[in-house]
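Visitor: I have a structure open and would like to learn how to read its pockets, its cavities and its backbone. Where do we begin?

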Amino acid sequence: MAPVIKLNSGYDMPQVGFGLWKVDNAIAADVVYNAIKAGYRLFDGACDYGNEVECGKGVARAISEGIVKREDLFIVSKLWNTFHDGERVQPIVKKQLADWGVDYFDLYLIHFPVALEYVDPSVRYPPGWHYEGDEIRPSKATIQETWTAMESLVDAGLARSIGISNFQSQLIYDLLRYAKIRPATLQIEHHPYLTQEELLKLAKREGITVTAYSSFGPASFLEFNMQHAVKLQPLMEDDTIKAIAAKYNRPASQVLLRWATQRGLAVIPKSSRQETMVSNLQNTDFDLSEEDIATISGFNRGIRFNQPSNYFPTELLWIFG
Ligand code: NAD
């Protein structure tokens, strides 16, 4: 079982969880069920992943077989961009809870700091980035309006903790001025090619726990044929990383995850293979030396993969500009 991190909301969050992005609908229920059997307790879902119904089935099966109780699990989901308008937040969270078959989320995040025009779930779900065709249509909701609605989720018992994802420092400073409930977590892209030093310092100072996504760097983005991902040395095949891994007699994947967890972050890798699932979960039972952590941090090149302009041509959306 993974160690836990105490959030500023008072709840404990497992430091190692299971990511649900790109987990095929056809296998998602089995993958979640097997991950629970392997010892995972945190699941990182989202409206946008389009598999919350199937993931919920995996949870239901594990609960019905007595493997876990609901309170043993830490279920995370996210608010998609088209639901930022204040009055849209509670209804979509209720739909997402129904999809999962649970009555509260342990943590609910704003997925991206960008508000897009509402799309009715009966028209298209998940709605994706485009309104119609290749049109990106903004909504007028501010982050303050959205955050206030997120706070109402806690008051209504629909989410125990709330947080943010893909936010950078400037917007966090602003949000902290008006937040009645501070974000418990910040979920960001974080790997040796993007070490996010200043953002981590800000989060630490403000008592916000950081969750790293895409911990293996380019590995997650090869399937999108992103040229800068394809051209980079895969981290798990890098000679320096491999030498560090050999020193500890661990796979390179565990070294990459341990580098993040020793920096105090939570991680949420995913794998549908049982052996890899177990290996990823076991990244916290050894320690890298300070020197090795510094060597891995030295890979930083400020390279980001997960941004809209890398997925589709857009002249309208530069979230990380
Ligand atoms: P990942 O870390 O889960 O995996 C990247 C690739 O590495 C996958 O192909 C995976 O199968 C493979 N892999 C996993 N473990 C391995 C191992 N031990 N050895 C070899 N290969 C291995 O990357 P990800 O999906 O980008 O991120 C993880 C999770 O983070 C997602 O599932 C999702 O929950 C979350 N996420 C959030 C956002 C966001 O905008 N908030 C964006 C991306 C991902």
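Guide: With the residue classes. Ala, Val, Leu, Ile, Met, Phe, Trp, Tyr, Cys and Pro count as nonpolar, Asp, Glu, Lys and Arg as charged, and the others, Gly among them, as polar. One caution: this is a predicted model.

Visitor: Let me try the classes. How many nonpolar, polar and charged residues are in the lining of the second largest pocket?

Guide: Five nonpolar, three polar and four charged. Glu 197, Lys 201, Lys 204 and Arg 263 are among the lining residues. So are Leu 200, Ala 203, Ile 208, Val 210 and Leu 265. Gly 207, Thr 209 and Gly 264 line this pocket as well. The volume of the second largest pocket is about 330 Å³.

Visitor: Which element supplies the largest share of that lining?

Guide: H6, with five residues. Helix H6 spans 197-205, and strand E9 (209-213) also supplies at least two lining residues.

Visitor: Now the largest pocket. What takes up its space?

Guide: The ligand does. The volume of this pocket is about 730 Å³. It has 32 lining residues, and those closest to the centre are Trp 21, Lys 22, Ser 214, Ser 220 and Lys 270. By class, the lining of the largest pocket holds 16 nonpolar, ten polar and six charged residues.

Visitor: And the shell around the ligand itself?

Guide: That is a separate list. It holds 24 residues, with Asp 44, Ser 165, Asn 166, Ser 214 and Ser 220 the closest. The shell divides into twelve polar, nine nonpolar and three charged residues.

Visitor: Which atoms of the ligand pair with polar side-chain atoms of Gln 187, His 111 and Tyr 49?

Guide: Take them one by one. A side-chain N or O atom of Gln 187 is 3.0 Å from a ligand nitrogen. For His 111, the partner is a ligand oxygen, 3.3 Å from a side-chain N or O. Tyr 49 places a polar side-chain atom 3.5 Å from a nitrogen of the ligand. As for cover, the ligand alone exposes 820 Å², and the protein buries 86% of that.

Visitor: How do I find empty space?

Guide: Rolling a probe the size of a water molecule over the atoms shows where empty space is left. Here there are three cavities of 30 Å³ or more. The largest cavity has a volume of about 60 Å³.

Visitor: What lines the largest cavity?

Guide: Met 13, Pro 14, Leu 42, Asp 44, Val 76, Leu 107, Leu 109, Thr 185, Gln 187, Thr 211, Ala 266 and Ile 268. Four strands give two or more residues each: E2 (12-14), E4 (42-44), E6 (105-110) and E8 (185-189). The lining comprises eight nonpolar, three polar and one charged residues. Two names recur. Asp 44 lines the cavity and is among the residues closest to the ligand. Gln 187 lines the cavity, and its side chain has the 3.0 Å pair with the ligand.

Visitor: Last topic, the backbone. What should catch my eye?

Guide: Most residues other than glycine have a negative phi, and most peptide bonds are trans. Look for the exceptions. The bond joining Tyr 125 and Pro 126 is cis, with omega about -5°. Pro 126 sits in the loop between E6 and helix H4 (143-155).

Visitor: And where is Ser 214 found?

Guide: In the loop between E9 and helix H7 (227-231). Phi of Ser 214 is positive, near 55°. Ser 214 is also one of the residues closest to the ligand.

Terms used:
Residues are numbered from 1 along each chain as its sequence is written. This is a predicted model: local features need pLDDT of at least 70, side-chain atom pairs count only at pLDDT 80 or more; totals for chains, interfaces and linings use all residues. Side-chain values use heavy atoms; hydrogens and water are left out. A residue is near a molecule or strand if one of its heavy atoms lies within 4 Å of it. A polar contact is a pair of N or O atoms within 3.5 Å; within protein, one must be able to donate a hydrogen and the other to accept it, and residues adjacent in sequence count only if both atoms are side-chain atoms. Accessible areas come from the Shrake-Rupley method with a 1.4 Å probe; for residues, only the protein chains shown count as cover. On a 1 Å grid over the protein atoms alone, a cavity is a set of points where a 1.4 Å probe fits but cannot get out, and a pocket is an open set with protein on both sides within 12 Å along at least five of seven lines; lining residues have an atom within 4 Å of a point. A molecule sits in a cavity or pocket if more than half of its atoms lie within 2 Å of its grid points. Grid points are joined across faces, edges and corners, and a volume is the space filled by probe spheres set on the points.
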